Amino acid sequence: MKFSTIIIRYGEIGLKSKQTRKFFERKLMQNIKNVLKEFNAEYDNIKTEWGRLYVETTDKNVLPLLKLVFGIVSFSPAQVCNAEMKDISKLSTKIAKERINEKDTFAVRATRQGDHSFRSRDIGIQIGSNIQKITKAGVNLSDPTKEVFVEVRNKKAFVFVEKISGPCGIPQGIEGLAIGIFEKDRPFLAAAYLMSKRGCDIEAVTTEELDMERVRYWLGDFKIHTVDKTKDIYKEAEKIAKQKNAKAIFNSDILTKDTLDNLVDFAKISKKLTLPIFRPLIGFDEKKIKQLSSL
Amino acid sequence: MAKKARKVVSLISGGIDSPVATALMLEKGLEVIFVHFDSRPFTCSSVIDKTRDLVGILSRRYKIKPKFYMVPHSKVQTEILDNIDHKSLCVICRRMMYRIAEKIAKKENALALVTGENLGQVASQTLDNLSVEDATIKIPVLRPLLSYDKNEVIKIAKEVNTYWVSILPGSCCKFTPKFPETHADLKVIEKMESTLNIEKLVAEAVQNAKVENL
């Protein structure tokens, strides 16, 4: 489907205070701008309104890039018209014609904010019957094969057909810096991905050259500190963390049913450090860690 | 020996997160000792019942007979309230819980603590605050939910059947200030704490803890 705007949904349930929300929005907007710039994607404007972000663009290359931006829950490429029933009807039937055929079943999902002479329900009924006439598809509100979404916001209406999942989490950079221990043959990509997903900027400490291509794809550019093999990597990481005012170190430790010494090893590491050590992978099963490692 | 090396102390409240964190660690075959901080009258008394119910649900699900420490916490909280800048109440309250739980862990030969903490989910669980809280103690803190999104936690809570009890009324902590500290500084917090008799408070709490067998 062609589009002129991408609607971006964000927000965590825990995002309560107005101040936190503003900070979150600003950081998210900046991170989106950065990634679009980095990959030379084109856009005219980006703004926050009605608890959403709107990117005005027709560039298809923007879509896969939004999957890289933590904090985005979902997004929808949309076409825009005036918030008048006849305009909405014209646009949505045009979109439906391209996408829905008589073998399909469909539902119209409408929401509305602002003053209008019609209700959300009226949009559903009117547009649903128009689409039915034109496509000969049946209506099925509970489990349709296709959906048409109409979001009326004051003087504008957005029409779209899909909600694409984003990576969720919170915008990178909100929490500040965490230093990652990257060791060969360990799931450091999964660990770094998760720490970034929860808002941390990261820098890596390693003793040897590692393949960072996938990590860089997901996290963008980040600093790598290579330290001497003969030294204790945790102690070195702590030195770096203190220089950089990072508040935590993380590693890719996992917890398994079979290894009995997990906790003994954890305790040894904690004992030699004054900074906290985060283990973002211990709450996941092996399947999930594998999946994250092959991102 | 093998058994001892799998023992942990889990800090459990009546909320959504800590039962899920504990469930994830039970899945991994860890032996869990439960610790609940009884904060009445700063919390409603229904919190105690909720917590007992949650421990019960987990015990049945994972077929365990856990030890359950009920630690009186309001005396510690009153001391904090009387002596500490209210903005930092939460951070210091949590540091006290960590200290007490670490003492219990030592007594029980447990190797780590487990909490439901999550990075960035609420304003008080920032990287800065978690860092300052973690610095209180020497034993590792396992935070299985550290990098989970809230909707993922809720999904597991429903799977392990704790969700429906966790969302019952009574999670209110009246101890929380209106604007809690979001970027705690270790040096500042340590200075504030120097007005408290920490050792005595911790020792008393451990001594007055009641062990319940469910």
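## A walk through the cores and chain A

Start in the middle of things: this is a predicted model, and its largest nonpolar core holds 93 residues. Select Ala178(A), Val8(B), Val35(B), Ala101(B), Ala112(B) and Leu113(B), the residues with the most contacts inside that core. Next, highlight residues 89–107 of chain B: that's helix α4, which gives the most to this core, namely 11 residues. Nonpolar side chains in soluble globular proteins do tend to be buried together.

Now click on Ala112(B) and look around. Skipping the neighbours within four places in sequence, Ala112(B) is in contact with residues from chain A, namely Leu263(A), Phe266(A) and Ala267(A). On the chain B side, Ala112(B) is in contact with Val8(B), Ile139(B), Pro140(B), Val141(B) and Leu142(B).

Ready for another core? Apart from the 93-residue one lies a core of 44 residues. To find this second stop, pick Phe3(A), Ile8(A), Phe70(A) and Phe75(A), which are among its members.

Time to show chain A by itself. Colour residues 5–165 as domain 1 and 176–293 as domain 2. Put a marker at the centre of each domain, taken over C-alpha atoms, and the two markers will sit 38 Å apart. The C-alpha atoms of chain A fill a box of roughly 75 × 40 × 35 Å along the principal axes.

Switch to cartoon view and you can count off nine helices and 14 strands in chain A. Of the 295 residues in this chain, 38% are buried. Last stop, the contact map: among chain A contacts with a separation of 6 or more, 74% join residues 24 or more positions apart.

Notes
Residues numbered from 1 in each chain as written. Chains lettered and ligands numbered in written order. Predicted model: local features only at pLDDT ≥ 70, side-chain atom pairs only at ≥ 80, totals over all residues. Helix = DSSP H or I, 4+ residues; strand = E, 2+ residues; numbered from the N terminus. Buried ≥ 20, exposed ≤ 12 C-beta atoms within 10 Å, placed from the backbone. Contact = placed C-beta atoms within 7 Å. Core = buried A, V, L, I, M, F, W, Y, C linked by C-beta atoms within 7 Å. Domains from an automatic or database assignment.
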